[in-house]
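Colleague: I am new to this one. Could you show me how to read it?
Modeller: Gladly; here it is.

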Amino acid sequence: MSVVAGSRTRRRRSVATASGVLALVLVVLFVASLTLGSYSISPANLIATLTGSGESGDRFIVLGLRLPRATVAVLVGVAFALAGALFQSLLGNPLASPDILGVTGGASAAAVTALLVLGLSGPAVAASAGGGALLVAAAIYLLSWRAGVHGYRFVLVGVAVSFLVEAMLGYLLTRADVRDAQSALVWLVGSLSGARWEDAALVALGLAVLLPVLMLLTPHLLVLQLGDDTATGLGVRAAPARTMALALAVAMAALGTAAVGPIAFVAFVSAPIARRIVRDGLALGASALVGAIIVLASDLAGQHLLPGGLQVPAGIITGAVGAPYLLWLLARAQRSGGLA
Amino acid sequence: MSVAGPVRERSTARCRAVVVGAVLAVVLATYLSLALGSRQIDPSVVVDALLAPNADDNDYMVVRDLRVPRTVLGLLAGSALGLAGALMQGLTRNPLADPGLLGVNAGASLFVVLGISLLGVTAASGQVWLAFAGAAAATVVVYAVGSGPRGPSPLSLTLAGTAVTAALTSVITLVLLGDLETLNQYRFWSVGSLVGRDLDAAVGVLPFIAGGVVIAAALGPSLNVLALGEDVARGLGAHLGRVRVLAAIAIVLLCGGATALVGPIVFVGLVAPHFARWLVGGDYRWILGLSGMSGAVMLTLADVIGRLIVPPGELEAGLVVALLGAPVMIALVRRRRAGAW
């Protein structure tokens with residue numbers, strides 16, 4: 001008994017340590033993203049600006065441009081990572097992230113329709129993206145419903161739907177004027193360069209609604225991981241709990257995509273990496289931190305690290321550098337038998 | 001639950017009947033592809049046009065110069081994609097595995113994009129070899145990254161393929177964001193189409209695809225053993241490393257060849273094996289052949305439908321395959337009992 005309790009305490013402590021390190025990395029990146037730039041700001045000036053004093057130039061750059069951008073990066077990172085973590089654990093397949101299952105693709109197709117066919121811009125495109133994600137997810141859910149939603153059926157229907165929306169994207173992009181196609185491509189990459197306080201407020205508001213629900217649901221999710229029969233035996237009604245969690249995950253993916261576009265791969269890699277680091281059940285908290293770190297670091301790298309002052313959207317960095325590097329780590333870990 | 005699940009045995013008689021039906025379907029698809037289009041052509045004229053290749057009649061020329069090439073491309077690329085998909089799903093034991101997961105499509109796309117952007121290669125005959133080289137290069141990278149001392153495991157191979165695809169896609173997007181003319185060329189190549197491709201190139205790629213078919217045909221029994229799980233397979237004396245290397249080579253030859261010919265067409269490689277498995281059960285000796293034939297029928301018919309669906313224009317075969325294939329796949333998925341995949 002005491003042995004069990006002891007090991008449990010140790011594990012909890014190591015989870016806390018790992019999460020603390022992740023949070024520290026996130027804070028460092030956040031401060032860096034506020035100070036670095038073509039106009040760099042010293043830490044002293046940063047503190048002055050944040051506490052209300054400071055020069056008006058600094059105030060504009062920090063409070064008007066960099067702080068909203070960094071805030072959006074953190075929030076969408078959290079949203080994408082949690083969406084991916086929930087999908088992967090509920091459906092029991094590392095390939096089952098919202099980007100593979102067509103949820104993000106639905107957002108993209110809707111947004112590109114809004115851009116290219118209806119000629120909309122700004123908030124209307126964001127709303128279309130969010131609506132597209134929800135619509136596609138609802139379609140996947142209804143189409144895979146047959147006396148309950150079984151994980152594998154959901155995944156396969158999702159893959160089919162993702163091909164459908166990809167084809168719609170291909171159609172829209174080949175029929176549009178090439179200049180318009182290029183501007184749609186910018187949206188499809190996912191970029192934080194236009195992030196404003198309104199975007200931050202939108203995502204923050206969404207998360208403020210969704211996160212408490214997720215916390216209430218987490219104990220049920222842990223039980224669901226043991227399998228439906230065990231869960232039922234333990235008094236958790238498996239089907240409603242899973243539906244609820246999927247809906248949450250979809251809402252988070254829709255939220256993030258609406259705000260900044262589909263930033264590649266954050267949903268896919270965050271949870272596996274977080275689980276490597278904390279080795280504890282669902283690791284939702286760590287996944288959220290990892291997602292925030294990935295988006296923030298990618299945006300920083302895209303702005304400042306490239307030679308010749310070249311600036312690229314965060315979505316390019318997550319795909320080109322982040323995903324391969326992190327997946328290479330996973331492949332190595334898997335080779336040595338470390339990946340569950 | 002993976003494709004390795006309980007192998008549903010079908011009687012040999014049933015499998016033979018299914019194969020006969022599939023051959024008939026291929027013949028029918030071929031005929032439809034020769035006869036239908038913006039100009040409908042009578043059966044007797046189609047046959048005459050094939051038998052008298054030098055005649056100067058308008059209908060004869062349509063059949064000979066326009067429809068025969070795209071039919072050949074559809075059958076060739078479709079069967080290669082279907083076969084590659086069956087190999088990929090058997091190799092990774094994941095029913096979601098698409099041959100594109102080995103990085104084939106992304107590698108081919110990157111080389112084509114760079115070819116257009118840096119070298120000005122806009123002719124289909126040049127793009128074929130760029131695409132083939134890119135597919136092969138990407139697969140070698142994926143295989144090297146995904147392999148350990150005991151060879152690649154399904155999961156690490158899948159992850160490595162996804163990672164390489166993501167990386168290459170980012171580079172492609174970066175080039176396209178800065179180069180309007182390349183985007184204009186590439187977007188039409190990337191949806192996948194049987195029109196305006198090069199039949200001479202098909203003759204050049206044919207030996208590679210044929211090589212892939214031969215290797216795949218030899219792998220059927222090994223994939224059956226592999227489907228029982230790695231430990232059982234090893235216990236039964238299977239050389240897992242050799243099987244995997246051979247399967248990967250066959251996938252590059254087949255899927256790379258197909259992508260080189262018609263662009264990165266999705267869905268055929270994913271769905272054809274499911275369709276085959278639904279018809280003949282879990283024996284890979286039957287699945288492989290039937291996946292190839294299903295793929296050929298799917299792509300050829302998609303091209304025919306694309307010609308008829310939006311007159312006077314056409315919809316690219318790559319788009320039609322996805323638009324029509326997705327509902328079929330969903331219907332198939334819904335028919336199965338949970339866990340039967």
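Modeller: Let us begin with a definition: two residues are in contact if their C-beta atoms, placed from the backbone, lie within 7 Å. This is a predicted model, where local features need pLDDT of at least 70, side-chain atom pairs count only at pLDDT 80 or more, and totals for chains, interfaces and linings use all residues. Residues are numbered from 1 along each chain as its sequence is written, while chains are lettered from A and ligands numbered from 1 in the order in which they are written.

Colleague: How many residues does each chain bring to the contact?
Modeller: Chain B gives 43 residues and chain A gives 42.

Colleague: Which helix supplies the largest share of the side of chain B that touches chain A?
Modeller: Helices are DSSP runs (H or I, at least four residues), numbered from the N terminus. Here H6(B) supplies the largest share, 17 residues.

Colleague: How do that side's residues divide by class?
Modeller: Ala, Val, Leu, Ile, Met, Phe, Trp, Tyr, Cys and Pro count as nonpolar, Asp, Glu, Lys and Arg as charged, and the others, Gly among them, as polar. On this side of chain B, 29 are nonpolar, 12 polar and two charged.

Colleague: At what angle do H12 and H13 of chain B pack?
Modeller: Axes are lines fitted to C-alpha atoms, for helices over the stretch in contact, and angles run from 0 to 180 degrees between N-to-C directions. For H12 (residues 284-309) and H13 (residues 317-335) of chain B the angle is about 105 degrees, with the axes 8 Å apart. H12(B) is therefore roughly perpendicular to H13(B) (the term covers 65 to 115 degrees). Among the residues making this contact are B:Met298 of H12(B) and B:Val320 of H13(B).

Colleague: And what does A:Ala79 touch?
Modeller: Leaving out residues up to four places away in sequence, A:Ala79 touches A:Val203, A:Leu207, A:Met252, A:Leu255 and A:Gly256.

How values were computed:
Helices (H or I, at least four residues) and strands (E, at least two) are DSSP runs, numbered from the N terminus. Angles under 35 degrees count as roughly parallel, over 145 as roughly antiparallel, 65 to 115 as roughly perpendicular and the rest as oblique.
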